[in-house]
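Colleague: Could you walk me through how some of the labels in your notes were reached? I'd like to see the reasoning behind each one.
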Amino acid sequence: MKSVLSVAMLFVFGIRLSAALPVESSADAAPCLNWTEYENATVRLMRKYLRIETSNPPGNELEAAEFFHRLFDANGIPNTVFSVAPKRADIYAILKGNGTLRPIILLNHMDVVRAVPQDWKVPPFSGEILNGMMYGRGALDMKDIGLLQAMVMIIVANEQLHLKRDLIFLGTADEEIGDTGTLWFLAHHADLLRHAAYLLTEGGTSVTYPGKGAFYGIDVAEKAPFWIRATARGRGGHGAIPIPDSAPNRLVEAMDRVIQWQTPIHVLPVVEEYFHQIARLQEEPFRDDFLNLRESLKNPEFRNALLSDSDFNYLLRDTVSLTVLRAGEQTNVIPDAAYSELDVRLLPGDDPQDFLAQLRKVVRDPAINLEPVGQFRAPNSSPITTMLYRVIEEVVHQHDPQAVIAPELNGGYTESQMFRPLGITAYGFSPVKVSPEVEETQHAANERVPVEQLRQGLKILFEVVTRAANQ
Ligand SMILES: [Zn+2]
């Protein structure tokens, strides 16, 4: 499909883009684009997008879907808003390529986590700019990427670029809580996505470490949540007459064994590659050790140092966090039941039933019942030996020659997990680079994005997508 430069288009950008390239133009013509105007439009539209409150709950993503709908309509991009629930919607837009290669999906969630306004310097849904930073809930998670993805669609349409792959934009509801937007879309319209080869979404880390340089992580795999409830039962009674094997006592003893448990170390190839790449960012003596992780782990001193660093430990093993503890209501009553919940995260490829069997051995108490909570979704991953991975490396290095680029195993969960089973190579990649301090504002107060990085990020994402869409 080729979009025409409409009057509405001129309105959106407030400029005359008479330099629209001839029909035979391709992504290679990127340097000829009027970047300043596109960047200014990005900044203006990002502020508008941040002002749409999509705190989840309740979400209210319909308003965000309509924002994109108007934008796409104004630029001649075919799109549909799908109602998922009252006031909740997904939006799907497509720019047709010539059909010789399979589509690329640009996936983003439109909901954001809630914000407590008192904790913020500026109102969290204001899009205010202070000292070069644009503030707003969703500035990094992930209205920035969503808006940049929409801008890439708009530029491709506006410049009438010929691509081989279709570009599909999918904005979803409810990622932060129940994934109902994506679940609904996959249940009702998987046919619109099934043929796709690649997907880009959130999950990658892009950070500048002061004095060390830039790091771009490409999220290729995620650990899988496997939540478990442990319930102890026993005789209840008066608190004045202790019961040594009461439910609370047995539970606490069992949980003590669980938190002392050192789960086995398992170095996945993607994690080995990650350490190899980030070696450059480390101080000695870690620098050499990271280059050859498998060997280095044989040294007990290094192994202990590495495992005691919480940023690295979880990459090397299944992890267990004790998060919920519940027992009696009254100080003088020994309850007959107590339970706890464990947030277990499994490495991709690990079997939940095997893990549960190991955990039972660690708990060593038949009076404690262990059962999974919620539905387990088997973790999956995408290979790093792909065209898209290589294109991201090329483009990032072109903009940032010294940047370290590494595949990442994400400790959390991203919706990539739901798309890979369709045969799609899915990566988390953020073209927006921030400082570690700003990175930590996701899901916290004063979430913000550097305006300059939004501008830079637009160019990076545009080049990644348009190059990948032609090979
Ligand atoms: Zn997110």
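Modeller: Gladly, and let's begin with a helix pair: in this predicted model, helix 4 and helix 16 are oblique to each other.

Colleague: Why are helix 4 and helix 16 called oblique?

Modeller: Helix 4 (residues 143–158) and helix 16 (residues 451–468) pack at an angle of about 55 degrees. Roughly parallel needs an angle under 35 degrees, and roughly perpendicular starts at 65. The angle of about 55 degrees fits neither, so the pair is oblique. Their axes are 9 Å apart, and the crossing is right-handed.

Colleague: Which residues make the contact between helix 4 and helix 16?

Modeller: From helix 4 come Asp-144, Leu-148, Gln-149, Met-151, Val-152, Ile-155 and Val-156. Helix 16 brings Leu-454, Gly-457, Leu-458, Leu-461, Phe-462, Val-465 and Thr-466. By class, that contact has 10 nonpolar, 3 polar and 1 charged residues.

Colleague: What makes helix 3 and helix 4 roughly parallel to each other?

Modeller: Helix 3 (residues 61–74) packs against helix 4 at about 15 degrees, with the axes 10 Å apart. The cut-off for roughly parallel is under 35 degrees, and about 15 degrees meets it, so the label follows. This crossing is right-handed.

Colleague: And which residues of helix 3 and helix 4 meet there?

Modeller: On the helix 3 side they are Phe-67, Phe-68, Leu-71 and Phe-72, which meet Gly-146, Leu-147, Ala-150, Met-153 and Ile-154 of helix 4. The contact divides into 8 nonpolar, 1 polar and no charged residues. Gly counts as polar, so Gly-146 is the polar residue here.

Colleague: Let's turn to the sheet. How do you know that strand 4 and strand 5 pair?

Modeller: Pairing needs at least two bridges. Strand 4 and strand 5 (residues 133–135) have 2 bridges, in the antiparallel sense, so they pair. Within strand 4, Ile-129 stands opposite Met-134 in strand 5.

Colleague: What makes strand 4 and strand 18 the edge strands?

Modeller: Strand 4 (129–130) and strand 18 (448–450) each pair on one side only. The open sheet has 3 strands in the order 4-5-18, with antiparallel pairing.

Colleague: Which strands does helix 16 touch where it packs on the sheet?

Modeller: Helix 16 touches strand 4, strand 5 and strand 18, and its direction makes about 65 degrees with that of strand 18. Helix 2 (residues 35–50) packs on the sheet too, touching strand 4 and strand 5. The direction of helix 2 makes about 25 degrees with that of strand 5.

Conventions: Residues numbered from 1 in each chain as written. Predicted model: local features only at pLDDT ≥ 70, side-chain atom pairs only at ≥ 80, totals over all residues. Heavy atoms only, no water. Axes fitted to C-alpha atoms, helices over the stretch in contact; angles between N-to-C directions. Helix = DSSP H or I, 4+ residues; strand = E, 2+ residues; numbered from the N terminus. Parallel < 35°, antiparallel > 145°, perpendicular 65-115°, else oblique. Left-handed = near helix turned anticlockwise from the far one by under 90°. Contact = heavy atoms within 4.5 Å.
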